[in-house]
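Me: I'd like to go through how the two chains in this model meet. Can you take my questions as they come?

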Number of protein chains: 2
Amino acid sequence: MTRKRFDEMGCSVACALNEVGDWWSLLVVKQAMLGTRRFVDFQHNLGIAKNILCNRLSRLVDNGVMVRVDVGEHGKRYEYRLTDKGRDLFTVVTALRQWSERWNGEKDTMQLVDRQSGEPLAPVTVQNQQGQPLTVRDVRFVDEDGKPLEEAG
Amino acid sequence: MTRKRFDEMGCSVACALNEVGDWWSLLVVKQAMLGTRRFVDFQHNLGIAKNILCNRLSRLVDNGVMVRVDVGEHGKRYEYRLTDKGRDLFTVVTALRQWSERWNGEKDTMQLVDRQSGEPLAPVTVQNQQGQPLTVRDVRFVDEDGKPLEEAG
DNA sequence: CCAGAAAGGTTGCATAACGAAACCAAATAA
DNA sequence: TTATTTGGTTTCGTTATGCAACCTTTCTGG
């Protein structure tokens, strides 16, 4: 019995979850955003089992989220770094972090600030073209022809 | 061997993933945002096994992301609806959707538009207090005292 | 009212994912 | 040279997942 495949459901959310939807992948990406690059550092900072970490890094590399860079003199020392695709997950990770802090309280000692001003970040929001924030009730789901979807039932 | 617990790692991202970090939870939430409320509708629209769906809905209710509302005349017909906490995941789901569309191409027939103007949404971004978009390189990670973190190693 | 279908689960079983620890080869440090 | 670090793989036991069958209560058609 293989896990349900999410990349053929015709849903981009499912497709994204197929790549980073397991328990560990986004945490590895988040850790990489903090500057971690070496296998052992991921292992110690996350408290993840070695085989799982090995598997996750391989999957992230296969999916183009990270790259394995050879930094050894004779080729047996590696670094794992984010690609542009991986760095682009910053929005997702930050939205998730803020959501957790809003609803579960401040459980994180770490804070993110604007490097230039030193001020904390603004809450991540969905916005329209004019930059006004939108809730899920302010949007409509339409198909490719622009017709509204009624797929509740 | 129980799964690694993410809610005691001192990381709000991990804490969030502890609640919605499995393969299915965010898809259930996304489906609820489309208007789905009934057990069988989730089942058919997602193609999820009944016991898994049952388990996920229970977990989402336990975590305050959804509520089970009794809609039967004599109490055996239910609806599952998003709470405010659940609706607040709209940002996360939308960021994930847009990320997937940017990097994996348009695999979704569905589009989100502003209900008022009918225009497509703006890309979700992390912003500073002035509303200027920030990448991961534009931010600094600091501890509670404002001192920069150097936890790469 | 009665038969059948539908809603919302639960249970059993087989397979896949996961975690901890042991083991291992190459490269580096002492 | 020996010890240690790095980046894994293997083994084994537990947990998660998928599928199908079953079960109870509630609608629905006649």
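Reply: Sure. One definition to start with: copies are superposed by least squares on the C-alpha atoms of residues with pLDDT of at least 70 in both. Keep in mind that this is a predicted model.

Me: What makes the relation of chain B to chain A that of a two-fold axis?

Reply: Look at the operation that lays chain B on chain A: a rotation of 180° with 0.0 Å of shift along its axis, at an RMSD of 0.0 Å. That is how a two-fold axis relates its copies. The two copies also use the same surface, as 100% of the contact residues of chain B recur in chain A.

Me: How many residues does each chain bring to the contact, and how much area is buried?

Reply: Chain A gives 87 residues and chain B gives 87 residues. Between them the chains bury about 8700 Å², with 62% of it on carbon and sulfur atoms.

Me: Why is the pair Asp88(B) and Arg102(A) called a salt bridge?

Reply: The cut-off is 4 Å between a side-chain nitrogen of Lys or Arg and a carboxyl oxygen of Asp or Glu. Here the N to O distance is 2.8 Å, so the pair qualifies.

Me: How do you know that this pair joins two chains?

Reply: Asp88(B) sits in the loop between helix 5 and helix 6 of chain B, while Arg102(A) belongs to helix 6 (residues 90-104) of chain A, so the pair joins two chains. Asp88(A) and Arg102(B) form a salt bridge too, at 2.8 Å, N to O. The rule finds 2 salt bridges across this interface, and 36 residue pairs in polar contact, both residues at pLDDT 80 or more.

Me: Which element of chain B gives the most to the side that touches chain A?

Reply: Helix 6 of chain B, with 14 residues. That side of chain B divides into 40 nonpolar, 22 polar and 25 charged residues.

Me: Why do strand 6 of chain A and strand 3 of chain B count as paired?

Reply: Pairing needs at least two bridges, and 4 bridges join these antiparallel strands, so they count as paired. In one of them, Val139(A) has Asp114(B) as its bridge partner.

Definitions and conventions
Residues numbered from 1 in each chain as written. Chains lettered and ligands numbered in written order. Heavy atoms only, no water. Contact = heavy atoms within 4.5 Å. Buried area = accessible area lost by both parts, 1.4 Å probe. Polar contact = N/O pair within 3.5 Å; in protein donor to acceptor, adjacent residues only side chain to side chain. Nonpolar A, V, L, I, M, F, W, Y, C, P; charged D, E, K, R; others polar.
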